[in-house]
Every structure is written in structure tokens, then in C-alpha cells.
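Got the viewer open? Here's a walk through the model, one selection at a time.

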Number of protein chains: 2
Amino acid sequence: MKAEKIPEATIIRLSVYSRNLQYMEEMGITKVSSQEIADATDGSSAQVRKDLAYFGEFGTRGVGYEVKHLNRHLKKILGLTKPRSVVIVGAGRLGKALMLYNGFGNRGFRVMGIFDKDMSKVGEQVGDLTISPMYKLDQFIKTHNIQMGVVTVPAAAAQETVDIMTRAGVKAILNFAPKNLIVADDVKLRNVDLAVNLEVLSFYMGLEEREGEK
Amino acid sequence: MKAEKIPEATIIRLSVYSRNLQYMEEMGITKVSSQEIADATDGSSAQVRKDLAYFGEFGTRGVGYEVKHLNRHLKKILGLTKPRSVVIVGAGRLGKALMLYNGFGNRGFRVMGIFDKDMSKVGEQVGDLTISPMYKLDQFIKTHNIQMGVVTVPAAAAQETVDIMTRAGVKAILNFAPKNLIVADDVKLRNVDLAVNLEVLSFYMGLEEREGEK
DNA sequence: TACTCACCGTGAATTATATCACAAGGATCC
DNA sequence: GGATCCTTGTGATATAATTCACGGTGAGTA
Ligand SMILES: NC(=O)c1ccc[n+]([C@@H]2O[C@H](COP(=O)([O-])OP(=O)(O)OC[C@H]3O[C@@H](n4cnc5c(N)ncnc54)[C@H](O)[C@@H]3O)[C@@H](O)[C@H]2O)c1
Ligand SMILES: NC(=O)c1ccc[n+]([C@@H]2O[C@H](COP(=O)([O-])OP(=O)(O)OC[C@H]3O[C@@H](n4cnc5c(N)ncnc54)[C@H](O)[C@@H]3O)[C@@H](O)[C@H]2O)c1
């Protein structure tokens with residue numbers, strides 16, 4: 001792999017390519033061209049090839065890519081070959097929905113625990129896990145060597161939650177709370193913000209509406 | 001407003017600025033500098049000013065911005081002054097969680113209906129709405145002039161769902177299904193993909209691990 | 001083996017986005 | 001009312017990402 005810095009947009013696309021290759025694999029398709037990958041993921045074939053070029057040469061000139069082979073490499077690049085252990089903190093509506101989501105497991109992510117502060121929820125069964133109290137979180141992360149945390153607590157509690165997680169050793173966090181969180185440099189943080197997504201859509205709708213007025 | 005093309009990244013940041021200005025407003029803070037906005041949203045002050053500059057001049061040199069005034073303008077830009085009506089299709093775990101989410105309403109989004117194909121779910125109460133059957137969706141969108149759709153059905157059903165929505169007149173779609181959807185040019189689509197987010201985190205964790213090996 | 005074809009891999013050109021740095025201008029104080 | 005701050009607004013500059021376009025190379029064919 002080249003030492004070059006890789007755009008995050010490339011990583012996002014690799015994940016989407018991999019998902020589509022997965023579908024192709026399941027459908028029994030064995031070879032694919034950069035153009036076909038582009039069509040399936042609405043991008044350009046040049047973009048597909050550029051993205052892959054950061055990591056090596058996976059295709060055969062004049063032929064294309066072998067679906068299984070390419071997907072195996074993409075999964076390797078994305079770190080999906082070794083299982084990733086995850087905890088969810090905040091067993092509310094969203095936390096439980098994520099807990100019960102199947103799409104999790106079949107990509108190598110294992111939800112090992114779900115935690116909540118509310119003692120009336122502690123003990124409740126969610127899928128095949130039981131909601132645990134917050135005071136057990138630190139020890140749980142250390143004992144089970146948890147690598148990733150998902151934050152589904154209210155915004156006001158999000159910072160204290162990630163502080164506990166990172167102090168215990170979590171190295172990556174997916175945050176659903178609408179709050180800008182602060183983490184150490186060696187911890188990777190991503191925010192999923194529903195409101196922001198809706199507001200971006202709302203902005204573009206506004207543009208169309210103004211067009212219409214003219 | 002200038003006719004220039006505005007980066008999507010700018011729109012995303014404006015939404016985040018607005019959220020933080022909202023908090024400031026609620027805390028009684030009346031003035032703020034681009035630097036302070038940058039600190040709250042981890043960006044740079046130059047970035048904040050550039051973003052705002054696409055839409056006009058909102059500050060006072062030597063002083064900064066009036067929180068209320070700036071936030072009012074940002075909301076206007078984002079189209080949050082007129083209420084946006086929304087339907088959710090797919091009353092599963094995720095659809096219900098979104099339905100019951102408060103963060104929706106206080107930014108001008110009104111969930112007007114929730115639909116599902118499964119007749120055993122139809123009639124069920126979710127918050128103050130009742131789950132409706134799919135055959136009513138088209139008429140509902142037309143009658144209530146629904147502008148936005150949220151897709152929380154399984155991937156296999158996502159394309160047919162957006163087809164119904166767009167044919168009925170929906171102009172913007174937020175899709176949670178892990179599927180690349182096709183929509184007409186005048187319909188704005190955004191995808192929220194949990195798996196992609198986790199995989200991006202996984203990738204960066206992989207980089208750290210390789211560092212460690214050296 | 002030689003010839004053709006198809007499609008990858010990649011440097012170069014283009015376009016987009018972010019940062020820098022400073023002149024412009026309003027507020028405040030004497 | 002003039003001098004002094006301070007922070008905005010913005011052109012210029014730097015960096016990053018995408019698209020273009022074509023040379024290189026393996027596969028298939030006869
Ligand atoms: N529900 C959605 O559709 C949705 C969408 C986008 C973002 N979000 C965000 O996700 C978060 C959760 O949303 P939700 O709808 O599931 O809310 P919820 O109120 O249903 O769940 C929050 C849970 O967090 C627990 N909690 C509160 N403080 C805690 C603490 N300090 N430590 C541990 N647990 C704590 C609560 O007991 C509760 O069970 C919120 O930040 C919300 O803004 C939700
Ligand atoms: N649950 C999560 O945390 C999560 C996270 C990311 C993405 N997603 C995606 O969101 C979608 C929903 O996930 P979920 O966990 O809520 O699943 P779910 O199975 O709980 O809910 C799906 C709902 O859609 C309904 N449905 C199926 N086909 C339909 C059709 N043709 N028209 C209308 N309704 C139909 C089903 O009856 C069901 O109620 C899936 O595409 C999933 O991949 C879920």
C-alpha cells in the first residue's frame with residue numbers, strides 16, 4: 001500500500017463498492033468492470049479505478065476485476081476480516097433499533113454489550129443481550145477488549161459517555177447525539193446527524209422553490 | 001444571494017452552526033465571533049466566515065455576530081422557516097424510532113404519516129400517529145402536499161418505495177436502506193448508511209493497528 | 001506466434017475546496 | 001471628531017479531489 005494520504009471520500013466509496021460486490025457475489029456474478037461498478041454505485045469508472053489504485057492493482061487489463069477477489073481485498077482494506085467488537089451506550093429507541101439490526105453482524109461487527117443509566121431499563125432483554133448499568137461499562141470494555149462504541153444517549157450526556165469509553169480503551173466512536181464531541185487524537189470519531197441530513201435536503205428544496213418563483 | 005455554486009460541505013456546516021447558535025441562544029448568549037463558532041464546531045474561523053459569505057454579510061466588523069440574528073438567517077437559508085411535511089415509510093424498529101424522535105419537530109419538520117406494508121402493523125399507534133397501509137401512501141402525499149420522505153424499509157423494497165413517493169410528488173428523500181437508489185433529477189436524495197460509517201471507522205482503526213506493529 | 005481487442009492503471013489537466021493574510025469598516029473612548 | 005481597537009469580508013494562494021485521456025498489458029483468436 002502506498003504511503004500517500006487517502007481521501008475519506010475514497011474510503012466511503014470503497015465501503016459502497018464492497019457492499020455492491022457482495023450483492024454481485026451472492027447473485028453469482030464472477031467478473032465486473034470498473035464501468036459496471038460505477039453504474040451500480042453512481043460514480044465514474046475513472047473514480048473507481050483511482051480509488052482502487054491507492055491500494056494496489058486488483059484487475060486484469062482488457063478483462064476487468066474478479067468479483068470475489070476484489071471484494072476480499074476491499075474487506076481486508078476496510079479491516080473487516082478480523083471481527084470488531086462494539087458496545088452501544090443508551091438503550092433508548094435508537095440504541096435498541098441498532099442493537100437489533102442484522103446488517104451489523106454480517107460485516108464483521110459484533111455488538112457485545114448495551115448499557116444505560118436508567119436502572120428501570122437495566123436487566124431488560126434486547127435481542128440476545130441484557131441491558132447493563134453504566135458502572136459496569138469501564139470494566140466491560142477492558143475485559144472484552146471492546147474497540148468501538150456507539151453513542152445513543154441524549155446530547156447532554158454524550159461527552160461524559162465518550163469520556164468513559166475512551167478512558168477504558170475504545171478506539172473508534174460512532175455518535176448519534178447532535179453534539180460536537182471532543183476526543184483524543186488517537187480516537188476516531190464519526191457523527192451521524194439526522195437533523196443535519198434533513199436540513200441539507202431542506203436547503204436544496206428551497207433552491208428549487210426559488211427557481212420555480214422566477 | 002450570489003448565484004455561485006455552493007459546496008454541500010458548506011450546507012452541512014451551516015446546519016451545525018445553526019444548531020450551536022440555537023444552544024447559545026437558549027443559554028442567553030447574545031454575541032459571538034467567527035472564532036467562537038469555529039471552536040464550538042471544530043472548524044476554523046476563516047471557514048466559518050467563508051461559509052457565511054456565500055449568503056451575505058451578517059456580522060459587524062470589530063464586534064462579531066448577533067446570535068439571534070445570525071441564527072434566524074441560517075434557518076432561513078436552510079429553509080426551516082416554513083414547516084416541512086414528512087412521511088416515514090417502513091414502520092420497523094428504525095422507522096418508529098425516527099417517528100418518536102423529538103429532535104425532528106423543533107427544527108421545523110413535521111412527520112405527518114407513517115406507512116407499512118405489513119397489515120399486522122397497520123392500525124398500530126406510534127406516538128400520535130397510526131400506521132397506515134401502503135395503498136394509501138400515494139393519495140396521502142398528494143392530499144397533504146408532503147414534501148419529504150424517509151425510507152426505512154428493507155433494501156429490497158427501497159426502490160419501489162421511492163418510486164411511489166416521487167410519482168406522488170415528494171421532492172426530497174432520506175434513505176436509510178443500504179441500497180443505491182435511482183431518482184429523477186429534480187428529486188434530492190441523501191443516504192444515511194450505518195454500515196458505511198462503521199466501516200470507515202474500521203478502516204482508520206486498521207491504520208492505527210498497522211502503525212503499532214512497526 | 002502474431003494480431004486484435006478491451007479495459008486497467010496512471011500522469012497530467014481541471015475543477016473544487018480550504019487556508020491565508022490583510023484591507024475595510026464599525027464601535028468605543030477620550 | 002479623531003485615534004485606536006477588533007473582527008469581519010474577501011481576493012489571492014495553496015491544497016485536495018476529480019476527471020481526462022491514453023499508453024500498457026493481458027486474454028482471446030486463428
Ligand atoms: N431516535 C432517533 O430517531 C434519533 C435520530 C437522530 C439522533 N438521535 C439522537 O440519538 C440519541 C438517542 O435518541 P433516542 O431517541 O434513542 O432517545 P431515548 O430518550 O429514547 O434514549 C436515550 C437513552 O439514553 C439513556 N441515558 C440518558 N443519559 C444517560 C447517561 N448519562 N448514560 C447512559 N445512558 C443514558 C436514557 O436512559 C435512554 O434510555 C439522542 O441524542 C438523539 O438526539 C435520535
Ligand atoms: N435498524 C437499524 O439500526 C438500521 C440501521 C441502518 C440501516 N437500517 C436499514 O433501515 C431499514 C429498516 O431497518 P429496520 O431495522 O427498521 O427493519 P425492520 O425489519 O424492523 O423494519 C422494516 C419495515 O419495513 C416494512 N416493509 C417491508 N417491505 C415494505 C414495503 N415494500 N413497503 C412498505 N413497508 C415495507 C416491514 O413490514 C417492516 O415493518 C433497512 O433497510 C435497514 O437495512 C436499519
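Start in chain B and select helix H6 (residues 137-144) together with helix H7 (residues 155-168). In this predicted model, the two helices pack at an angle of about 35 degrees, and their axes are 9 Å apart. The crossing of H6(B) and H7(B) is right-handed. Now turn on side chains: from H6(B) you'll get Leu137(B), Asp138(B), Ile141(B) and Lys142(B), and they meet Ile164(B), Met165(B) and Ala168(B) of H7(B). By class, that contact comes out as five nonpolar residues, two charged and no polar ones.

Keep H7(B) displayed, since the next stop uses it too. Select ligand 2, which lies between chains A and B. How many residues surround ligand 2? There are 23, and the closest are Tyr101(A), Leu94(B), Asp116(B), Lys121(B) and Val153(B).

Now for the polar contacts of ligand 2:

- The side chain of Asp116(B) has an N or O atom 2.6 Å from an oxygen atom of ligand 2.
- The side chain of Tyr101(A) puts an N or O atom 2.8 Å from an oxygen atom of ligand 2.
- At Lys117(B), look at the backbone: a polar atom there is 3.3 Å from a nitrogen atom of ligand 2.

On its own, ligand 2 has 810 Å² of accessible area, and the protein covers 84% of it. Colour by secondary structure and you'll see which elements give two or more residues to this shell: H5 of chain A, plus H5 and H7 of chain B. H7(B) supplies the largest share, three residues. Colour by class instead, and the shell around ligand 2 shows 14 nonpolar, three polar and six charged residues.

Next, jump to ligand 1. Which residues come nearest to ligand 1? Of the 23 around it, they are Leu94(A), Asp116(A), Lys121(A), Val153(A) and Tyr101(B). This site is shared between chains, because residues from both A and B surround ligand 1.

Measure a few distances here as well. A polar side-chain atom of Tyr101(B) sits 2.8 Å from an oxygen atom of ligand 1. Leu94(A) uses its backbone, with an N or O atom 3.0 Å from an oxygen atom of the ligand. At Lys117(A), a polar backbone atom is 3.3 Å from a nitrogen atom of ligand 1. The protein buries 84% of the 810 Å² that ligand 1 exposes when taken alone. Helix H5 (93-99) and helix H7 (155-168) of chain A, along with helix H5 (93-99) of chain B, each give two or more residues to the shell. H7(A) gives the most, with three residues. The class split around ligand 1 is 14 nonpolar, three polar and six charged.

Last stop: DNA strand D. Of the 23 residues that surround this strand, the closest are Arg13(A), Ser34(B), Arg49(B), Gly62(B) and Tyr65(B). Sugar and phosphate make up 61% of the strand's atoms that come within 4 Å of the protein.

Zoom in on three contacts. A backbone N or O atom of Ser34(B) is 2.6 Å from a phosphate oxygen of the strand. Gly62(B) has a polar backbone atom 3.0 Å from a sugar or linking oxygen of strand D. For a base contact, pick Lys50(B): an N or O atom in its side chain is 3.1 Å from a base oxygen.

To finish, select helix H3 (45-53) in chains A and B; these are the elements that give two or more residues to the surface near strand D. H3(A) provides the largest share, four residues. That surface has six nonpolar, nine polar and eight charged residues.

How values were computed: Residues numbered from 1 in each chain as written. Chains lettered and ligands numbered in written order. Predicted model: local features only at pLDDT ≥ 70, side-chain atom pairs only at ≥ 80, totals over all residues. Heavy atoms only, no water. Axes fitted to C-alpha atoms, helices over the stretch in contact; angles between N-to-C directions. Left-handed = near helix turned anticlockwise from the far one by under 90°. Contact = heavy atoms within 4.5 Å. Nonpolar A, V, L, I, M, F, W, Y, C, P; charged D, E, K, R; others polar. Near = heavy atom within 4 Å. Polar contact = N/O pair within 3.5 Å; in protein donor to acceptor, adjacent residues only side chain to side chain. Areas by Shrake-Rupley, 256 points an atom, 1.4 Å probe, with all protein chains shown as cover.
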